[in-house]
Amino acid sequence: RGYTPASIFVDAPISLPAGPNQPPYEPLNYDRTYEGPVTMRRALEDSRNVPAVKALAELGPESVIQVAARFGLPPNMPPYLSLALGSVEETLWDMTSAYSAFPNQGVRMRPYSVVSVADREGNVLEENRPEPHEAIRADTAFVMTNLLRGVVQRGTAAAAASLDWPLAGKTGTMDEYTDAWFIGFDPNITVGVWIGYDEKKPLGRNETGAQAALPVWMDFMKAFIDQRGDRQNVPQFEAPGNIVFVTLDSGINEAFISGTEPEGAAVLPPAVVPASQ
């Protein structure tokens, strides 16, 4: 729809109509503070709720649901603005599968539980492989990956930057701390962590996605990285040929689909952008 990581949203209190005989919908930020005009990148990295709701309101819930369905999520979700903040519950299985599209050039991989089944003689009776499903364009997937890298580099998952590895992902925290999430990936693997009870009850004060789920994810990823045993050949997120990079006033080397970068910006092609960016 023409939005880029540099698009501006106003992070300020809002009151939106919620339907007949319903009180207005007034979403709050987690920290109950507001930052005024913020970029899409800043809003995502810091999990600002109000800009998320505003983005969904501008696009229309029905459009967002149609896109979410391409990621394997239910196409019949109710078209409420609170969708932006997780009002519809999904399984860890489905959400992790959805995120796999970002590092995989827009192709979502449907996971499977049983790799293979063999009889006592070793004859393979059943063998499963992940099923690919095209979700979004490769260039859009890369821009999203670059945005989600910022969550690890500067945002709510900054603790994971200590792993010194190309990582991206997103924290999630439900009201009253009933669910804590972190779903993230490197160029080769997508991993999701959910912390919660079988029934809806609080985990405890301040048990956010960053506090409760991210440390579990980090422990797993550290073991995965160490198992590779080769930190000299670090995998990288590969940018499609129509991605350009622009160094913004913030100092961030931002990725844009060619033609959507700010007017008059000095553009660097992917080949000359340092891997650390």
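**Exercise 1.** Which residue stands opposite Val 244 in β11?

*Solution.* The model is a predicted one, in which local features need pLDDT of at least 70 and side-chain atom pairs count only at pLDDT 80 or more, while totals for chains, interfaces and linings use all residues. Residues are numbered from 1 along each chain as its sequence is written, and side-chain values use heavy atoms, with hydrogens and water left out. Begin with the strands, which, like helices, are DSSP runs numbered from the N terminus (E, at least two residues, for strands; H or I, at least four residues, for helices). Two strands pair if DSSP finds at least two bridges between them; β10 and strand β11 (residues 253–257) run antiparallel and are joined by five bridges. Within this pairing, the residue opposite Val 244 is Phe 256. As for cover, four of the five residues of β10 (residues 243–247) are buried, where buried means under 20% relative accessible area, exposed over 50%, and partly exposed in between (1.4 Å probe, protein chains only).

**Exercise 2.** Describe the sheet that contains β8, and explain the position of its edge strands.

*Solution.* The sheet is open and has three strands in the order β7-β8-β9, with antiparallel pairing. Because β7 (168–173) and β9 (190–196) each have a single partner strand, one side of each is left without a neighbour in the sheet. The twist from one strand to the next averages 5°, given that axes are lines fitted to C-alpha atoms, for helices over the stretch in contact (heavy atoms within 4.5 Å), and that angles run from 0 to 180 degrees between N-to-C directions. Next, strand β8 (residues 179–185) is joined to β9 by seven bridges, and here Trp 181 stands opposite Trp 194. Finally, two helices lie across β7, β8 and β9: helix α4 (residues 92–99) runs at about 150° to β9, and helix α6 (residues 209–228) runs at about 35° to β8.

**Exercise 3.** Characterise the salt bridge between Arg 154 and Glu 45 by distance, location and exposure.

*Solution.* A salt bridge requires a side-chain nitrogen of Lys or Arg within 4 Å of a carboxyl oxygen of Asp or Glu, and by this rule the count comes to 13. The side chains of Arg 154 and Glu 45 meet at 2.8 Å, N to O. This pair links distant parts of the chain, 109 residues apart, with Arg 154 in the loop between α5 (138–153) and β7, and Glu 45 in helix α1 (residues 40–45). Arg 154 is partly exposed at 41% relative accessible area, whereas Glu 45 is buried at 5%.
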